[in-house]
Amino acid sequence: MASRRARTRVAAGVLGALALAGVTSPAVAEPGDADEPLVVAYGSPNIGTAHADPLWETVAPVPIVKVSGSPAVSASVKVLWDEQYLYALTEVTDPELDASSGQLYNRDSVEIFVDVTDDKSSTHTTYVALQDYQFRVSYDNRQSFDHGGDDRLISHTRVGDAGYVVESVFRVGDLEAASMASGSRLGFDVQINDGAGGSRIGQLFWHDGTGSQWQRPAVFGSIELGEKPAQVPERVNKVELFYAIVEADRVNPAIYDNAGVLDGPRAQARTVFDDEQATQAQVDVARADLTEALAALSRTGPYPDPKHLPDQPAMPDLFEFLDGSRVTTVAGWDERREEIAGMAQYYEYGFQADAPASLTARQGERSSFDWGCFCMVTQPAIVVDMADQVEGTDVTGSFSFVLTLPEEGTGYEPPYPVVIGFGGVPGAEQFLAAGIATIAYTPTDVGTEAHAGAYYALNPYEKDVVGADTGTLMAWAWGVSRIVDAIGYVDPQTGERVLAALDPEGIAVTGHSRYGKGALVAGAFDERIAVVAPNGSGTGGASSWRYQFAGKDYRTDAGGYPWAVDDETSVNSYVETINNTFGGNAAWFANVFGEFREPDTAAPVRLPFDQHSVMALVAPRPLVVTGGFSDWGTNPESMAMSTVAAERAYAFLGVPDHVALAYHEGGHTHGAEDTAYLLAMMQYYLRGETGPEVTDPLLRAKDYPFHAFDESSAPWATPAIPELVAAPTSGTSGDSLVLPVGLEHETAVTGADITVTFDPATITFAEARPADRLAVEVLDQQPGSVTLRLSAPPGDAAEPASPAELAGAPGVAAFAALGPDEVADVVDGSVAATSLVDLEFDLGDAGRSDVAFAATVDRVAATGYEWQADYSGASEVVVAAVEPTSEPTPSTDPTGGTDPTGGTDPTDPGGSVAPADPTASGTPAADGSARPGSLGATGVASGLFVTLAAVLLVLGATSVALSRRRRTRGSAS
């Protein structure tokens, strides 16, 4: 007797012969097990017409009979193949069709799973060239993709009285891992989703009955490509033409500068497609013309069309502008930050709308379902009422949040810091006990994945339209900003803030999973939020889109990781990628983001930024990234890589200690450890508390849990921050002091503001004298301070001067007298000043024991400096830069000036970080200026380095010793 496998092959051969002969074969159910694959016949059916291609009539349907839940449907599938495509025709009997859910998997739909290698892997191998795919097509031909993209699938549906038919064509032949030839195998499965009333009530499966194909290709069935006949009848193949027509039909003409280029070619393509007499040559010409027109499309908008962006396999340079220039000053970072924020909105999240024209906050109530009692619960809440005009029509919207204040007796008084929690605040009792209020925010009140809610009522959604194509993550972030508005809202009747018990400069935000993504976006785009803490956020949150580690075994890789446990939970089983994240949750993002999916890799290499860039938008405000060591879906190692890369922005701004990463044991949870890290960040950075309950978590949060950071993943350097230096001169006057002020930079001078402060009781500003190629303007003069604007003619390149040239410059004649070692001590081995303007000061008492000057450079560096002249007798002056002591500080410094990390950065062996300023809250003052110790953003960019050369006219000096030391804003003094 022939084996079952032999019988299967005989049946397949007969099936192929019957198909070519136009004879219908009987239905045969095949199991699809690895040792007994379903053999499919060769054939190239067309798609997209009112009736199925007659070729399908020759193929036996395979029943889909395995059941989960209570589906009220029946279904079967037919499959064919050729060298380029896998074809499937799925027929579903379902008289009651439902499309009311915002998620396609809850609608009546068909899902096709394909593994082009049939390797039965335990995870979707999305970290190499893609080989596992999952496509979903609803009965009304809406598509979503958990693995793969619409560049590989076209579909067509027909709806009848008894149900619907889904025709799908999957492009396989150009995949490197695939082999589309007789005898090759592919992993394959089909799933039918039965929706009713907005929910999925049941499923049917062809091979796997567990419903876990979305995670495990190992449960896919197997198909084997049957014999290709020696003689294949000639027929006109219109599949590629239909691909092009579908792509053209997806184009929204409003978003392209030149959408008209499609009109003629698309019309001609449709004419040829509908012509049953068209020849293959006519079809090929029509397809080529339409494909060329599609390639010529160019998106309108503030940034380049995605197709025109270059490949960047590594995480893009935080400090490089789109035009190729680089950040060289803190002011330049402000410009770059603005560019990153714009790109992140344009390419990924959609643009966030402005605040509504009217917003009020009031006491009210909120009703919600409580799963504990399985009942509706009403509780006090803050209601945010909003109003605006939409296309000339008055529109209102509102949402509410639950505020809980610390009880009396905690030892703290209002106004309290407050943490806003997406969906609630895990460990709320810990915050309350520490005198920190909590806000439970329900983001789906503001925006749902069906683009409904308060945000979309006031800002209607329109796919692909810049400014209207806002994803739900950004809508949720907008809701957080409206809560911040509510915290600051003043009741016009009383003149008091409605939420006066809350500190508007002490706000933190946190969230978990998709809400962790939302928390990061909220913090990145609202600088009023002082501390940002995304938990388990993954892609779209803190995880790099470019780097995935599915399949990595942390027990053995790189010698093993100390936190790994000796079982399969230490093997990275599944990660989020742009393919499955956008494919399954496209509503989170702007639609253009899908254009960054690549056909053969999970890395969006043309994306001109990555999530480390979004994280850098939070800088210099404190950011703590938390998650689970084995929370594989969120790609914890990739989150660590993003954090290390984002830390470079913090280092550039002088606060590397303001960013932290901390993981807990286990998986996808938001637990007590995560709460402890955020609580410690708030206590330290907002209140300056330094007890062990604060410093211990902070120390752990700097202990990165992965091995050495791969520099090739971020192959770019942090720009050197401009240094202010002191240099000597000589003179004969006994009662004056000259500060030659210069600019040090490779490029032309465009303008910089320098403020010099001094003791008005003993020092008086006399005059500022311009120099060659360098003008000086006194912007403001007060007792004890003078603010100057330095500028050079446009386009006048400021060439660095040599020490010899500087020696001949006005006011620095004695500079050349210094020896090489002394020069190196002054300017780190090089002198590169341009021109110097002389600032002359009158000294009221030449016999004074010290004369001090402090200088800050606006829009150039986040630094401040002092020069102090210590008189030793009448013949020697020592000029040294010292830590300023004039910055206002609280009456009590709870840290005693110490850094809880000990000043050591564990990610940089041998390195050190500046101690944090425990008084800083991270929020700008109401007038937009940084308050004392503020972590707020720096000023507007000017793009200059500045060197301030402090030159003391020595009274009969016999020796001058100089040193300089940099001071970072936000560091404890």
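Two strands are taken to pair if DSSP finds at least two bridges between them, and helices (H or I, at least four residues) and strands (E, at least two) are DSSP runs numbered from the N terminus. The structure described here is a predicted model, in which local features need pLDDT of at least 70 and side-chain atom pairs count only at pLDDT 80 or more, while totals for chains, interfaces and linings use all residues. Residues are numbered from 1 along each chain as its sequence is written, and side-chain values use heavy atoms, with hydrogens and water left out.

A good place to begin is the open sheet, which has nine strands in the order β14-β15-β16-β18-β17-β19-β20-β21-β22 and mixed pairing. Its edges are formed by β14 (358–370) and β22 (659–664); each has a single partner strand, so one side of each is left without a neighbour in the sheet. On average, neighbouring strands of this sheet are turned by 25° against each other, direction ignored. Strand β21 (residues 623–628) runs parallel to β22 and is joined to it by six bridges. Within this pair, Val624 stands opposite Ala660 in β22.

Helix α8 (residues 472–488) packs on the sheet, touching β14, β15 (375–390), β16 (393–404), β17 (416–422), β18 (437–441) and β19 (502–512), where contact means heavy atoms within 4.5 Å. The direction of α8 makes about 140° with that of β18; axes are lines fitted to C-alpha atoms, for helices over the stretch in contact, and angles run from 0 to 180 degrees between N-to-C directions.

Turning to charged side chains, a salt bridge is a side-chain nitrogen of Lys or Arg within 4 Å of a carboxyl oxygen of Asp or Glu, and the count by this rule comes to 31. One of them is formed by Asp385 and Arg362, whose closest N and O atoms are 2.6 Å apart. This pair links distant parts of the chain, with Asp385 in strand β15 and Arg362 in strand β14, 23 residues apart. Asp385 is partly exposed at 22% relative accessible area, and Arg362 is partly exposed at 40% (buried means under 20%, exposed over 50%, partly exposed in between; 1.4 Å probe, protein chains only).

Asp305 and Lys307 also meet in a salt bridge, at 3.4 Å from N to O. Here Asp305 is buried at 2% relative accessibility, whereas Lys307 is partly exposed at 36%. In the salt bridge between Asp557 and Lys552, likewise listed at 3.4 Å, Asp557 is partly exposed at 30% and Lys552 is buried at 14%. Finally, a network of salt bridges links Arg482, Asp485, Asp526 and Arg528.
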